[in-house]
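This report follows a few helices and the way they pack. Please read it alongside the sequence and the structure.

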Amino acid sequence: QTANRDKALELLQRARRLSPRDPRGWFMELAIGIAHFGAGRFEDAASAVRQSLDQNPRYAQALRLLAATLAMLGQRDRAAEIMQEVLKMEPQLTLTRLRARLQGVDEGLWSKWSEGLRLAGLPE
């Protein structure tokens, strides 16, 4: 799994270098954040996700990942604030509903991600 995430990260960073002005750069930064998160590099994940949000501040997926990342870093108060923003955008969101939407996410990554989301205050 780690080898796959490292390869994904390598390819994403290469794509970013090849297209530095991509109008969907926020999506690329989120993908980089997910790769770092999955590898347990939470500081790097937070940095990438913040770059995504700099380009697209209302990107719910990035906000959810930032909340989970900050929770995993022990910044639970800030994570909870961000989760409240997410829940204002998606009031019916729960871990169960999110998992149903993210069926393609492997179990190892989902386990870590859901732990962070739970710590940030996303209901079951």
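Which residue takes a positive phi just after H2? Gly40 does, with a phi of about 80°. The model is predicted: local features need pLDDT of at least 70, side-chain atom pairs count only at pLDDT 80 or more, and totals for chains, interfaces and linings use all residues. Residues are numbered from 1 along each chain as its sequence is written, and side-chain values use heavy atoms, with hydrogens and water left out.

**Helices H2 and H4**

Helices (H or I, at least four residues) are DSSP runs, numbered from the N terminus. The expected span of a helix is 1.5 Å times one less than its number of residues. Buried means under 20% relative accessible area, with a 1.4 Å probe and protein chains only. The table sets out two helices.

| Helix | Expected span | Distance between end C-alpha atoms | Buried residues |
|---|---|---|---|
| H2 (residues 25-38) | 20 Å | 20 Å | 10 of 14 residues |
| H4 (residues 60-72) | 18 Å | 18 Å | 12 of 13 residues |

For H2, the expected span and the distance agree. They agree for H4 as well. H2 is mostly covered. Its buried residues include Met28, Leu30, Ile32 and Phe37. Glu29 and His36 of H2 are also buried.

H4 is mostly covered too. Gln61 and Arg64 are among its buried residues. What covers the buried residues of H4 includes H2, H3, H5 (76-89), H6 (95-101) and H7 (107-120). H4 is followed by Gly74, whose phi is positive, near 85°.

**H3 against H4**

Axes are lines fitted to C-alpha atoms, for helices over the stretch in contact, and angles run from 0 to 180 degrees between N-to-C directions. H3 (residues 42-55) packs on H4 at an angle of about 155°, and their axes are 9 Å apart. H3 and H4 are therefore roughly antiparallel (an angle over 145 degrees). The crossing of H3 past H4 is left-handed, that is, the near helix is turned anticlockwise from the far one by less than a right angle.

Contact means heavy atoms within 4.5 Å. From H3, the contact residues include Phe42, Ala45, Ala46 and Val49. H4 brings Leu63, Leu66, Thr69 and Leu70, among others. By class, the contact of H3 with H4 has 11 nonpolar, 2 polar and 1 charged residues. Here Ala, Val, Leu, Ile, Met, Phe, Trp, Tyr, Cys and Pro count as nonpolar, Asp, Glu, Lys and Arg as charged, and the others, Gly among them, as polar.

**Two residues of H4**

Thr69 lies in H4. Thr69 is buried, with a relative accessible area of 0%. Leaving aside neighbours within four places in sequence, Thr69 is in contact with Phe37, Phe42, Ala45 and Ala46.

Ala71 also lies in H4. Its relative accessibility is 1%, so Ala71 counts as buried. Beyond neighbours within four places in sequence, Ala71 is in contact with Arg76, Ala79, Gly116, Leu119 and Ala120. The C-alpha atoms of Ala71 and Gly116 are separated by 5.4 Å, although these residues are 45 apart along the chain.

**H2 against H7**

The axes of H2 and H7 come within 10 Å and cross at roughly 95°. That makes H2 roughly perpendicular to H7 (65 to 115 degrees). Ile34, Phe37 and Gly38 in H2 meet Leu109, Lys112 and Trp113 in H7. These divide into 4 nonpolar, 1 polar and 1 charged.

Terms used: Parallel < 35°, antiparallel > 145°, perpendicular 65-115°, else oblique. Buried < 20%, exposed > 50% of the residue type's maximum accessible area, 1.4 Å probe, protein only.
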